[in-house]
Amino acid sequence: MPGTFDRTRGKALTREVSPRYAEAVSSFFNTRMPDYEAARGAQQAYFAALRAHGSEVITLPPLEDFPDCSFTEDTAVILEDKAVIPNLGHPSRDGEKESIADFLADDFEITRMPAGATLDGGDVVFYDDRFLVGLSTRTNREGADFLTEHAKEVGMEVQLFSVPASTLHLTTVCSSPRPGTVVAAEGHLTEADLSFAEEVIWIPEEEGYAANTIAYGDRLIMAEGYQRTRKLMLDAGFSISTVEMSEFREVDASLTCLSVFIG
Ligand code: CIR
């Protein structure tokens with residue numbers, strides 16, 4: 001399946017920011033009231049960055065009752081021709097999944113989790129032959145086991161992590177921009193966690209937010225304003241584009257949260 005398994009990122013499924021964005025769940029970074037208009041502007045810049053790297057951006061209308069609806073990464077995990085639709089780990093968000101499932105049903109076999117199992121797509125990182133799956137406040141063991149069962153059917157292993165209480169999701173502190181490479185935030189993950197990786201690029205803890213990246217080959221998109229990380233990425237051979245993410249950071253969301261790649 002292009003998009004996940006070969007990182008081509010042909011089609012990004014996204015959703016417009018909810019008019020109730022000010023009510024988005026925020027537990028880590030929040031310093032002020034989230035701003036709907038600013039988020040809409042930032043989202044347009046994000047879409048432009050994806051398009052500039054060759055993705056087709058599909059944008060669904062906002063879900064008025066779901067302030068976090070623009071974080072589509074959490075609402076589906078694509079496994080070849082199957083879309084695993086999780087029970088989202090925060091009760092205010094679980095209803096987002098219906099509209100995503102309806103949209104994906106035209107092209108994918110929809111697989112739903114049993115009641116009691118929860119998982120956010122933000123706890124799932126694709127790495128070559130395996131998915132890295134975080135057990136977190138959003139993803140429970142039953143949810144991770146359900147995903148493991150389906151990942152195995154397409155030849156993928158799952159490696160579980162305990163997401164520390166210092167962060168929301170695994171993707172908040174970790175990404176895999178190219179085969180063999182993991183970018184990880186110091187202070188959240190350990191060398192032992194990532195011993196399988198050929199290369200780990202460690203991001204200083206104070207810039208940990210910038211460990212969430214999206215790459216197209218050696219062309220990397222990262223959050224604006226993280227100079228030490230930018231240098232580390234340049235030194236690792238990436239060319240860099242940045243997107244101003246501070247409005248999304250307010251509600252604990254990173255670059256990858258704003259899309260799910262479906263082709
Ligand atoms: C939430 O708490 O669910 C949203 N405010 C942020 C979701 C971020 N999503 C992600 O990391 N994949």
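This is a chat between a student and a tutor about the ligand, the cavities and the largest pocket of a predicted model.

Tutor: Two ground rules: residues are numbered from 1 along each chain as its sequence is written, and side-chain values use heavy atoms, with hydrogens and water left out. In this predicted model, local features need pLDDT of at least 70 and side-chain atom pairs count only at pLDDT 80 or more, while totals for chains, interfaces and linings use all residues.

Student: What makes a space a cavity, and how many cavities of 30 Å³ or more does the structure hold?

Tutor: On a 1 Å grid over the protein atoms alone, a cavity is a set of points where a 1.4 Å probe fits but cannot get out. The structure holds 2 of them at 30 Å³ or more. A volume is the space filled by probe spheres set on the points, which are joined across faces, edges and corners. By that reckoning the largest cavity has about 430 Å³, and the second largest about 90 Å³.

Student: Which cavity does the ligand sit in, and what does "sits in" mean?

Tutor: The ligand sits in the second largest cavity, so more than half of its atoms lie within 2 Å of that cavity's grid points. Among the residues lining this cavity are Val25, Asp68, Arg93, Arg138, His169, Val251 and Cys257; a lining residue has an atom within 4 Å of a point.

Student: What makes Arg93 a polar contact of the ligand?

Tutor: A polar contact is a pair of N or O atoms within 3.5 Å; within protein, one must be able to donate a hydrogen and the other to accept it, and residues adjacent in sequence count only if both atoms are side-chain atoms. A polar side-chain atom of Arg93 lies 2.9 Å from a ligand oxygen, so the pair qualifies. Arg138 also offers a side-chain N or O atom, 2.8 Å from an oxygen of the ligand. With Val251, a polar backbone atom is 2.8 Å from a ligand nitrogen.

Student: How are the residues of the shell around the ligand divided?

Tutor: Into 6 nonpolar, 3 polar and 6 charged. Ala, Val, Leu, Ile, Met, Phe, Trp, Tyr, Cys and Pro count as nonpolar, Asp, Glu, Lys and Arg as charged, and the others, Gly among them, as polar. The lining of the largest cavity splits into 12 nonpolar, 9 polar and 3 charged.

Student: Why is the other kind of space called a pocket?

Tutor: Because a pocket is an open set with protein on both sides within 12 Å along at least five of seven lines. The largest pocket has about 170 Å³ of space. Of its 13 lining residues, Phe29, Ser166, His188, Gly208 and Tyr209 are closest to the centre.
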